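Here are some short exercises for you to try, each with a worked solution. Look over the sequence and the structure, then take the tasks one at a time.

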Amino acid sequence: MKSKCEYNRTAITEFILLGLVETPDLRPVVFVVFLLSYLLTVGGNLSILAAILVETKLHTPMYFFLGNLSVLDVGCTTVTIPSMLARLLSHKRTVPYGACLTQLFFFHLLVGVDCFLLTAMAYDRFLAICQPLTYSTRMSQTVQRILVAVSWALAFTNALTHTVAISTLNFCGPHVINHFYCDLPQLFQLSCSSTQLNELLLFAVGFIMAGTPLALIVTSYAHVTAAVLRIRSAEGRKKAFSTCGSHLTVVAIFYGSGIFNYMRLGSAKLSDKDKAFGIFNTVINPMLNPIIYSLRNPDVQGALWRVLMGRRPLA
């Protein structure tokens, strides 16, 4: 059977994305819900970014990373949701082979940078709480820019590696993807050649790209927790923990949905659970981040209010 498609690796020139629902009557509802979610995500993250840019009180390393995270959240949801909305409007469910790989590349690029930025934010909290005397020098603007640049470089390498690896597989049918965007698990299921090396590559690189940052985050917060518990004042402990709570919530949602999504890689039968995890990765996570970071932060709330009301920041 494999020999039938060995003659032409690109025997399939396009895929069919089934989307979230196959019932025509539900498509308008899905369109409205996801359009509103997309607008809320973009609006919320751009509002956070605007608040950070105009409010001098927020010109700190933590908010520098948060601003970058907001840009990534806008990019991540833009890579997947607008194309899905367009297919719902046009009733055309096909996506060209090249467009599918392009979407896969940018999705993994942005998610990879997101992963490293969360690690940089954990490192920032570690320095601020555990080593406050050297914080300003060890988290200078130069260091911040280097951390962001390295995050982009590593994520680009990861995304390019997976995209090149998936392009070597043969796709000769079937070409129906039970999802609303192109991702590695779904494409592995459609390949008519062996994906064993690709799966090993995904787990090996994933261990480096996700496992190492997660270990660094856990280590950073272990030191932060130990340092905070040594604070005698209950008010001081509460203030220190409050600056970390938002970040830990985002980390838990981000890694939780990602781990469950790719742990199902060996499943021979895809289900609607994959779509649910996809919604978490592309819609819910980016939409919740502005809410989580502004909900308990009076500085961000004040800056957001001034931005929305068109008022100048306080001197």
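## Exercise 1: Disulfides

**Task.** Find how many disulfides there are, and describe each one.

**Solution.**

Step 1. Start with the rule: a disulfide is a pair of cysteine sulfur atoms within 2.5 Å. Applying this rule gives 2 disulfides. Before you go on, note that this is a predicted model, where local features need pLDDT of at least 70 and side-chain atom pairs count only at pLDDT 80 or more, while totals for chains, interfaces and linings use all residues. Residues are numbered from 1 along each chain as its sequence is written, and side-chain values use heavy atoms, with hydrogens and water left out.

Step 2. Take Cys100 and Cys182, whose sulfur atoms are 2.0 Å apart. This pair ties together distant parts of the chain: Cys100 sits in helix H3, and Cys182 in the loop between S3 and helix H6 (184–190), 82 residues apart. Helices (H or I, at least four residues) and strands (E, at least two) are DSSP runs, numbered from the N terminus.

Step 3. Look at the twist. The torsion about the S-S bond of Cys100 and Cys182 is about -125°, so this disulfide is left-handed.

Step 4. Now take the other pair, Cys172 and Cys192, with an S to S distance of 2.4 Å. Cys172 lies in the loop between helix H5 (141–167) and S3, and Cys192 in the loop between H6 and helix H7 (196–229), 20 residues apart.

## Exercise 2: Buried or exposed cysteines

**Task.** Decide whether Cys172 is buried, partly exposed or exposed, and do likewise for Cys192.

**Solution.**

Step 1. Recall the cut-offs: buried means under 20% relative accessible area, exposed means over 50%, and partly exposed is in between (1.4 Å probe, protein chains only).

Step 2. Cys172 has a relative accessible area of 32%, so this residue is partly exposed. Cys192 has 17%, so this residue counts as buried.

Step 3. For practice, try other cysteines. Cys100 and Cys182 are both buried. Cys76 is buried, at 5%, and Cys115 is buried, at 5%.

## Exercise 3: The sheet

**Task.** Work out in what order the strands sit in the sheet.

**Solution.**

Step 1. List the elements: the protein chain has 10 helices and 3 strands. Along the sequence they follow the pattern β-α-α-β-α-α-α-β-α-α-α-α-α.

Step 2. Find the pairs. Two strands pair if DSSP finds at least two bridges between them. Strand S1 (residues 14–17) pairs with S2 in the antiparallel sense, over 3 bridges. One of the residues to look for is Phe15, whose bridge partner in S2 is Val95.

Step 3. Put the order together: S2-S1-S3, an open sheet with mixed pairing. Strand S2 (94–96) and strand S3 (176–177) are the edge strands, each pairing on one side only.

Step 4. See what crosses the sheet. Helix H3 (residues 97–130) lies across S1, S2 and S3 and runs at about 80° to S2. Axes here are lines fitted to C-alpha atoms, for helices over the stretch in contact (heavy atoms within 4.5 Å), and angles run from 0 to 180 degrees between N-to-C directions.

## Exercise 4: Cores and rings

**Task.** Find which residues touch the most other members of the largest nonpolar core.

**Solution.**

Step 1. A nonpolar core is a set of buried Ala, Val, Leu, Ile, Met, Phe, Trp, Tyr and Cys residues joined through side-chain atoms within 4.5 Å.

Step 2. The largest core holds 58 residues, and Phe34, Leu66 and Leu118 touch the most other members.

Step 3. Zoom in on Phe34. Leaving aside neighbours within four places in sequence, Phe34 is in contact with Leu20, Ile81, Met84, Leu85, Ile279 and Val283. Another core, of 18 residues, lies apart from the largest one; Tyr97, Leu104, Cys182 and Leu184 are among its members.

Step 4. Finish with the rings. Rings of Phe, Tyr and Trp (its six-membered ring) pair if their centres lie within 6.5 Å; planes under 30 degrees apart count as stacked, over 60 as edge-to-face and the rest as tilted. The whole structure has 10 aromatic pairs. In one of them, the rings of Phe180 and Tyr181 have centres 5.0 Å apart and planes at 75°, so the pair is edge-to-face. Phe15, Tyr97 and Phe171 form one aromatic cluster.
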